[in-house]
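Student: Please take one part of this model and look at it closely. I would like the helix packing first, then any unusual backbone spots.

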Amino acid sequence: MSKPADFRDPRTLAGVAPDTPLCVALSGGADSVALLAMLAGDPHLCAVHVHHGIRGAEADRDADFCRDLAKKYGVPLTVLPIDAPAIAKRRGISLETAAREGRYEAICAHLQKNHIPLLATAHHADDQLETILQHLLRGSGLKGLGGIPACRPLGKEILVVRPLLLLTKKNLLAYLASLGQNYVTDSTNAQGCCTRNRLRLEVAPILEELYPAAATTAARCAETLREDERYLEALASDFLKKEGSEPSLSALSALPRPIFSRVLRQFLPVPPERVHIDALADFCQKAVPHATLSLPRATVVAENGKLCFLKDPPIATTYEILLKPGENLLPGGGSVLLYPKEHTPPTDSRHTFIVPIALCSDKIKGHLRARNLRPGDKLYSGGVNRAVRRLCGSSVSALTRAQMPLLTDDAGVVATPFGANHNIRDDVYQKEGQDLIVYLLFD
């Protein structure tokens, strides 16, 4: 019997060659049995069945049924056992989630081992409707409302395709009836124990009564929304290609909100939620130089009119070291050089800042040390206690301030790298008797 009109060739969906090896995920239920029957006769076809280690004798029955079915259609079958309860316990997740994650992990490993790049699953239009409803009620955006994709990456060099997304459950049952082909039923599908089951058992029948073609129209709507999403994602990609790794704040601010949010989702290591997108929009509009904004697993910094995304922002190391003559390495990077005043200045181009400070060694109170900036640090200079943080001025970024070394002694801060005419403490700053030169090297 010919395939239903809305069946789509899996290799065409994936854009691969007609002889590409293809594997069917076979549960033994009506949907996957129909899919296997539609693809039977393909010389490059195989199937895989996962035994989840739950449902006892019923699961054993399903595995036996799949073996007999695959033999009937002349399709090689592999049965993969997993222990879903153990996975759930180990990962602290629900049994349903553990079964799904364990199933795909086992299948993916099997496909990679056997060099099979394509997996076909039997998701259909009713599944699509349930997925869209779930995403709608969770407040998803356009991507979520696009539902289950017809083709997506599953693992390294593996694609999963859904040839039945435009076919309803009724279509599949009618097809099996026409073949006289039986199937098995998972008894847990009839239990209202999870959201998807309740949508299938309680909500979908009402929608079908009101709109008989609800599943089909929802599936086609999802395809339209996915086309729109692909177009918007392409615009975001084009923007990032043009702007590079550090897009300008003005260009970002000028983006329409749908493009702006997709640019951020493509660029940040963790897709931002609405609250983060709102905060970033405000951040770009204000464009305060050297301002920073913390996000999940990233920090953004406004530098030179550009937005810099730091995927692994440097963490300022808290340190305080006693300085000795010669080079003193800093834990957070950089170094402090301590030499007689007549020493030749260093020309180390590896560091952004090389700051010389001339001191009178006999004015140092106790031991000379180097440490990082701390809250409340002040320097007595020009007869006034000055906040070290403010001495840096607007030209110094927050990250540089966090990393720069300060010179201190037993009386407090001796000198800072920045501060124009006020970066050395009054009692140490002497025009005569300067015999010590300190070089602060850092980025």
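**A helix pair and two loop residues**

Tutor: In this predicted model, helix H6 (residues 125-137) packs against helix H10 (residues 214-243) at an angle of about 70°, and their axes are 8 Å apart. The range for roughly perpendicular is 65 to 115 degrees, so H6 is roughly perpendicular to H10. The crossing of H6 and H10 is left-handed.

Now the residues that touch. H6 contributes Ala125, Asp126, Gln128, Leu129 and Ile132. H10 contributes Ala214, Ala215, Thr216, Ala218, Ala219 and Ala222. Sorted by type, the contact of H6 with H10 has 8 nonpolar residues, 2 polar and 1 charged.

Next, the backbone. Most residues other than glycine have a negative phi. Two loop residues call for a look here.

Take His115. It is not a glycine, yet its phi is positive, about 55°. His115 sits in the loop that runs between helix H5 (95-113) and strand E4 (118-120). Its relative accessibility is 67%. The cut-off for exposed is over 50%, so His115 counts as exposed.

Then Glu157. This residue, also other than glycine, has a positive phi near 60°. Glu157 belongs to the loop between strand E5 (151-155) and strand E6 (158-161). With 70% relative accessibility, Glu157 counts as exposed.

Terms used
Residues numbered from 1 in each chain as written. Predicted model: local features only at pLDDT ≥ 70, side-chain atom pairs only at ≥ 80, totals over all residues. Heavy atoms only, no water. Helix = DSSP H or I, 4+ residues; strand = E, 2+ residues; numbered from the N terminus. Buried < 20%, exposed > 50% of the residue type's maximum accessible area, 1.4 Å probe, protein only. Axes fitted to C-alpha atoms, helices over the stretch in contact; angles between N-to-C directions. Parallel < 35°, antiparallel > 145°, perpendicular 65-115°, else oblique. Left-handed = near helix turned anticlockwise from the far one by under 90°. Contact = heavy atoms within 4.5 Å. Nonpolar A, V, L, I, M, F, W, Y, C, P; charged D, E, K, R; others polar.
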